[in-house]
Structure formats: C-alpha cells, structure tokens
Amino acid sequence: MERPVKVRFAPSPTGYLHIGGARTALFNYLFAKKNKGIFILRIEDTDLNRSTYESERVIVRDLNWLGIYWDEGIDVGGENGPYRSTERVGIYKKYVDKLLEEGKAYLCYCTEEELEKEREELLAKGQMPRYLGRCRNLTEEQKKAFEKEGRKPTVRFKVPENQLIVVEDKVRGRVEFNSNDIGDFIIVKSDGIPVYNFAVVIDDHLMGITHIIRGEEHLSNTPRQILIYEALGFEKPEFAHVSLILGKDRTKMSKRHGGTHIEYYRDKGYLPEAIVNFLALLGWSPENNQEIFSLEELVEQFSLDRVAKNPAVFDLDKLNYINNWYIKNSTLDKICDLAIPYFIKEGLIGQDYDREWMRKLVSLYKDGLNYIEEIIEKSKIFFGDEVEFENQEARELMNRDFVPAVLRSLRNHIERVQVIDENILKEVFKNIQKETGVKGKDFFMPVRVGITGQTHGPELVQIMILLGKERLIKRLDYVLNRISEGR
C-alpha cells in the first residue's frame, strides 16, 4: 500500500528566509496540498554557532506572510515532535550507537591540523579531498592514548568501497555517485551534536517523509544520506532537487541582482500573493502560458514533472510586472492601508492624517506602482511649501519672459476663490490665458513646474485640488520670489 504523501521544509535558522528557501517551502507546500498530503516545518539547528531563535521567528513570520502554513511542526506541534534538531539529540544517540555496534561507524580522533594536511596533500596530487580512513581500525590502546592526550572524538560513518549509489531524482533523472569519491564522513561532532547529513535522515524516517523536495545544492549530500538509510535499514524517500536560482546575467544570485531574502521585498511593499506567484514560476512552468495564479490555482496545477532541470532566472522586471498587476487589481483602500505606514515612517504625515486626502493621493499613483514604497518618491511633490526644480529643463522653462505674469495671475485668482475644484480651475485657467495671451503648452508647463517643480506627473487639475488653496499660494509666492531673485 502506497504511503500518504508527507513532505517537509527544514531550514537552518541562521539568517533571513532567502528567495531559494521560500521557493523550496512553496514547492513542498504545493506538492503536499495537491496530493492531499501533510506539510511539516522542521528546524535544522545543529549549527550551534550560527543558529538563533530570532532567525527562526523571522522564517516563521515570512512563511506565514506568504500564506504558507504547515500541518505539523514548530508552533503547531504533532505526533512526531520535537521539531528542532537540538531537541532530538537523545533520539539520534540510539541510531549512532547502533551503527557503532554494527561496525558501520567508528570513533575518529584526528585533529583539524591533521585533516587539513591530508586535504592539502590530496589536492597537490590532483585528487578530490576526502577522509582516507586513518582512524578506521584503531585498537583500544590507540583510542585510550588519544583520549589521554585530551582528544575528543567525532563519529565517522564507514563508507562501503566500490559501491555505485544511484539517485532516481524526480527532477534531474538518474544521477550516479561512486562511494570511493566520498570518504568516511563525520556523523557526530566532537561536542556530541549530530551533523546535518545524519540528523536529517533520522528525522525524515521517523516523521514518515515520502518526498524530499529541496535545492540542487543538496544533491551532493544525497549519496551520504542514502548510505545512512541503507545502513539503518530505512525505506528511502523519493528525491527531487530543484535547480539553482540565477540572476538575470545568469550568475549566482546575489545582492547586485536585488534583494536575496523575503523580508527585503516585504519591506519594500511587494504583495505576498505576487511573491508567491513569482516564486512558483522560478523553475516550474504551467501547461499553458498563464502568468497570474492564485495560491489555489497553483495547488491545482503544480506537479514535479513540470519543474525544469535548467536554472531559474530571477527577473526583477517580471516580479515588478506581476506585483504591479496585483496592486492594480487590489482595492484602493487596501493599497492606501499598505502605503500609509511608509508616509508616516518618512515623516510626511502624522498619526492624525486625513484619510480621504490620502485615498485621493494614492489613487493618482496606484496603477503605476511596481511596489508600494515607490509611492513616496513619486508623491513627494505633495508635501512642503517650497518647490525645487527637478532638472535643467524645468529651470530653463521658468526663465521665459512671460512666466512671472502667468504665475502671478494664477496666484491672484487662487486667492480669490473659496474652494478649488475641477470646474473652478477650468474657469481660472480660461481667464488667465485670456489676460496674459499665453495658451496651450506655454501656459500649462510653467504652471505645472511652478507648483510641483516637475515637468511631468499626474493630471494638473488633480494635483492642484489635492494641494489645496493655502499650499498653492505659498508655493507660487516661493517660486515668484526665486524668479525675481534670479535663482
């Protein structure tokens, strides 16, 4: 009888939730949901020097922000706990002892210096660095002598010689390894903490994991893990190693390609549904040319046989396109709620802001945003009473002879009206053009630059309505003074 599908995401809590890790979590989640299976979140914290509880919390927060929740694991519990490696050391000991008793593992007393010397000698001969088994057949007297020196042993797995190790990978196909290229590897460090390659096998077996979906960088770990499965008589899971994510220049993704972790994009105002949509398309392709997917649609369509062997390319332009689609198709109130904290953080508004004014402001820019934080730079023209000309074109425009007369007339008309709305402004514009004889682009461009400092932007009437009478007068006075002083 076929086992029910059970998968896991098992990050090391040593930093942020990276793009690659988030994609791995998503693919595991989608595979579990598609197959009516179980998704586990487990924490691999065997790296005591780098693992932190704070990093674990960041990973949990960002997964939840993406809409990824687990059926079993940290925070939610389950029948296979505990779900942190350091809390399972007692469980691992039983299996370490079994391997030692059966002669499938042994104590190794080699120092770091001795191992480094061996490594350098192999490299000098053009050979792959590996442990050559110096401590494989120590006598009890030799062990006691080393312990008398104060050496603390590691435990090494005894790798069988001349064995072909085959991985039938769900993504990469058949991959073969020769055991002679591996060397006896450490499974327990000298501090008594099992290493990842050993702990992960025990955890995956005891938790009933049927499919291991992870990044391609783990493929080199797989032969070691298969040897442990076989030595302990465990049933092996299916493996699927997902290709690397590269930058647009097809080099390994780094900060020069944009942010490398989820928090960066969350903080800039990318929507979680857009990130999920984008991550799914990094290495997986749907049967048609569809680009926009809800999480439910992804669950319905996802399959490992459509995950590509070739590296995925992180294309920021595509992410921005997808995120812009989600922003455009969100309600104005939702985007306004998301935008307001950026304005407060920038000090542009206080906690007592005018909600309706902010809605009108956001509505001017909403459909053109790649991410929410972008609205700050775009909308700075609406804050402050002074006007800075954005470039040489704007400055030259304001030096034309007729500009002071146009702006002075505009200032006087604005001062005389009680309210500023679309109809009143149309009437004001008509009267000024009649008074000054300046019309068309020669009229509207100086007005735009005079009140915003910019030659392009939202519709002029909407800008003026939002700025309001008092701020318009202050800005026009400021610019007229600048012109008269030749600044």
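**A walk from helix 1 into the core**

Start with helix 1, which is mostly covered in this predicted model: 12 of its 16 residues are buried. Reading along the helix, the buried ones are I19, A22, R23, T24, A25, L26, F27, N28, Y29, L30, F31 and A32. The length works out too: at 1.5 Å a residue, those 16 residues should span 22 Å, and the end C-alpha atoms are indeed 22 Å apart. Just after the helix comes K36, with a positive phi near 55°.

So what does helix 1 pack against? One partner is helix 9 (residues 272-280), with the two axes 10 Å apart and at an angle of about 85°. Angles of 65 to 115 degrees count as roughly perpendicular, so that is how helix 1 sits relative to helix 9. On the helix 1 side, I19, A22, R23, L26 and F27 make the contact, and they meet V276, L279 and A280 of helix 9. Sort these residues by type and you get 7 nonpolar, no polar and 1 charged. As for the spacing on a helix, there are 3.6 residues a turn in an α-helix, so residues three or four places apart point the same way.

Now for the nonpolar interior. The largest nonpolar core holds 144 residues, and the members touching the most others are I187, F198 and M464. Helix 19 (residues 460-484) gives this core its largest share, 12 residues. Take M464 as an example: setting aside neighbours within four places in sequence, M464 is in contact with L410, I414, I420, L425, F429, V447, I451 and L472. Another core, of 7 residues, lies apart from the largest one, and its members include Y106, C110, Y131 and C135.

Key
Residues are numbered from 1 along each chain as its sequence is written. This is a predicted model: local features need pLDDT of at least 70, side-chain atom pairs count only at pLDDT 80 or more; totals for chains, interfaces and linings use all residues. Side-chain values use heavy atoms; hydrogens and water are left out. Axes are lines fitted to C-alpha atoms, for helices over the stretch in contact, and angles run from 0 to 180 degrees between N-to-C directions. Helices (H or I, at least four residues) and strands (E, at least two) are DSSP runs, numbered from the N terminus. Angles under 35 degrees count as roughly parallel, over 145 as roughly antiparallel, 65 to 115 as roughly perpendicular and the rest as oblique. Contact means heavy atoms within 4.5 Å. Ala, Val, Leu, Ile, Met, Phe, Trp, Tyr, Cys and Pro count as nonpolar, Asp, Glu, Lys and Arg as charged, and the others, Gly among them, as polar. A nonpolar core is a set of buried Ala, Val, Leu, Ile, Met, Phe, Trp, Tyr and Cys residues joined through side-chain atoms within 4.5 Å. Buried means under 20% relative accessible area, exposed over 50%, partly exposed in between (1.4 Å probe, protein chains only). The expected span of a helix is 1.5 Å times one less than its number of residues.
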